[in-house]
Each structure stands twice: as structure tokens, then as C-alpha cells.
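Reader: I'd like a close look at how the side chains pair up in this one. Could you walk me through it, starting with the charged ones?

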Amino acid sequence: MFHRVYHSNHKTYSSHWIASSYLYFTIPAVVDLPKGVAAARHALKSSSGAYKKRQQQLLSQALKKMTPEQKIEADKLTEENYPEASKFRKEAFTKLKELGDISDHFDFDSNQLH
């Protein structure tokens with residue numbers, strides 16, 4: 001997931017896959033309704049066809065499951081432009097470095113694909 005968030009500013013459909021992962025899977029460690037809803041809203045800006053339809057379905061289903069607190073968190077993340085904003089991309093980039101998935105000499109702004 002960290003790679004998808006980090007590359008979300010230039011990889012087509014990253015937001016779609018982030019939303020799908022957070023909203024579709026039933027593994028508790030993966031499900032994150034607020035992040036999934038924010039990513040789905042972001043994906044809808046550039047999605048079309050089957051991708052757009054799927055995002056609309058996931059968004060509708062997730063909103064029905066969410067608590068009022070989760071909806072507030074999703075709205076905040078949406079306003080902050082999750083996942084594409086530098087704030088979230090830098091968090092993912094830092095985690096990828098910590099995990100050894102990105103080397104220490106790799107620059108945040110280089111946008112190299114791995």
C-alpha cells in the first residue's frame with residue numbers, strides 16, 4: 001500500500017487500487033474505511049467506465065458502514081487530498097525507506113518507479 005500512496009501523484013489508478021484495497025478486503029488489518037472513502041473520492045475525479053462504477057459501488061457500501069466519527073475523518077482526509085498530497089506521500093516514502101524497500105540515496109521528488 002505504501003508504494004501506491006507514494007506514487008499516487010503520477011500513477012494512473014493508484015487511488016482506485018488504494019480505495020479497493022481498503023474497502024473491499026475483509027481482513028481487519030487492511031480495512032480502513034476513512035482512507036478508503038477518501039481514496040475512492042479522489043479516484044472518482046479521474047476514473048471512467050468500469051473503474052468509476054466500481055468506485056461508486058465501494059463508496060456507497062462504505063458510507064453505509066461508517067460511524068459518524070469515521071465519516072468526519074474521511075471528510076478531513078478528502079479535504080487534505082488523500083492520498084495524493086505530499087503529506088501522505090512523504091509518510092509512505094519514509095515507511096518504504098524504513099522497510100528497506102527504497103534505498104537511502106533515493107530522492108522523494110525523483111518519482112522513480114520500482
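Author: First, a bit of vocabulary: a residue is buried under 20% relative accessible area, exposed over 50% and partly exposed in between, using a 1.4 Å probe and protein chains only. This is a predicted model, where local features need pLDDT of at least 70 and side-chain atom pairs 80 or more, while totals for chains, interfaces and linings use all residues. Numbering starts from 1 along each chain as its sequence is written, and side-chain values use heavy atoms, leaving out hydrogens and water.

Now to your charged side chains. There are four salt bridges here (a side-chain nitrogen of Lys or Arg within 4 Å of a carboxyl oxygen of Asp or Glu). Put your finger on Glu-80, which is partly exposed because its relative accessibility is 25%. Glu-80 pairs with Lys-76, and the closest N and O atoms of that pair are 3.1 Å apart. Glu-80 also has a salt bridge with Lys-87, this time with 3.4 Å between the closest N and O atoms. That links Lys-76, Glu-80 and Lys-87 in a network. As for the two lysines, Lys-76 has a relative accessible area of 48%, so it counts as partly exposed, and Lys-87 also counts as partly exposed, at 45%.

Another of these bridges joins Glu-98 to Lys-95, at 3.8 Å from N to O. Glu-98 and Lys-95 are three residues apart in helix α6, so about one helical turn separates them. (Helices here are DSSP runs of H or I with at least four residues, strands are runs of E with at least two, and both are numbered from the N terminus.) Glu-98 is exposed, with a relative accessible area of 58%, whereas Lys-95 is partly exposed at 31%.

Charge isn't the whole story, so look at the rings next. You'll find seven aromatic pairs in the structure. (Phe, Tyr and six-membered Trp rings pair with centres within 6.5 Å: planes under 30 degrees apart are stacked, over 60 edge-to-face, the rest tilted.) Trp-17 and Tyr-51 have ring centres 6.4 Å apart and planes at 85°, which makes the pair edge-to-face. Trp-17 sits in helix α2 (residues 14-24) and Tyr-51 in helix α4 (residues 49-65), so this pair ties together parts that are 34 residues apart in sequence. Both rings are at least a bit open to the outside: Trp-17 is partly exposed at 37% relative accessible area, and Tyr-51 is partly exposed at 31%.

Tyr-82 and Phe-88 also pair edge-to-face, because their centres are 5.0 Å apart and their planes are at 80°. Both Tyr-82 and Phe-88 are buried. Elsewhere, Tyr-6, Phe-93, Phe-106 and Phe-108 make up one aromatic cluster.

Tyr-82 and Tyr-6 turn up again in the largest nonpolar core: among its 27 residues, Tyr-6, Leu-23, Val-37 and Tyr-82 touch the most other members. (Such a core is a set of buried Ala, Val, Leu, Ile, Met, Phe, Trp, Tyr and Cys joined through side-chain atoms within 4.5 Å.) At least two core residues come from each of α1 (2-6), α2, α3 (33-44), α4, α5 (68-79) and α6 (86-98), and α3 contributes the most, with six. Val-37 makes a nice place to zoom in. Leaving aside residues up to four places away in sequence, Val-37 touches Leu-23, Leu-59, Ala-62, Leu-63, Met-66 and Ala-74 (contact being heavy atoms within 4.5 Å).
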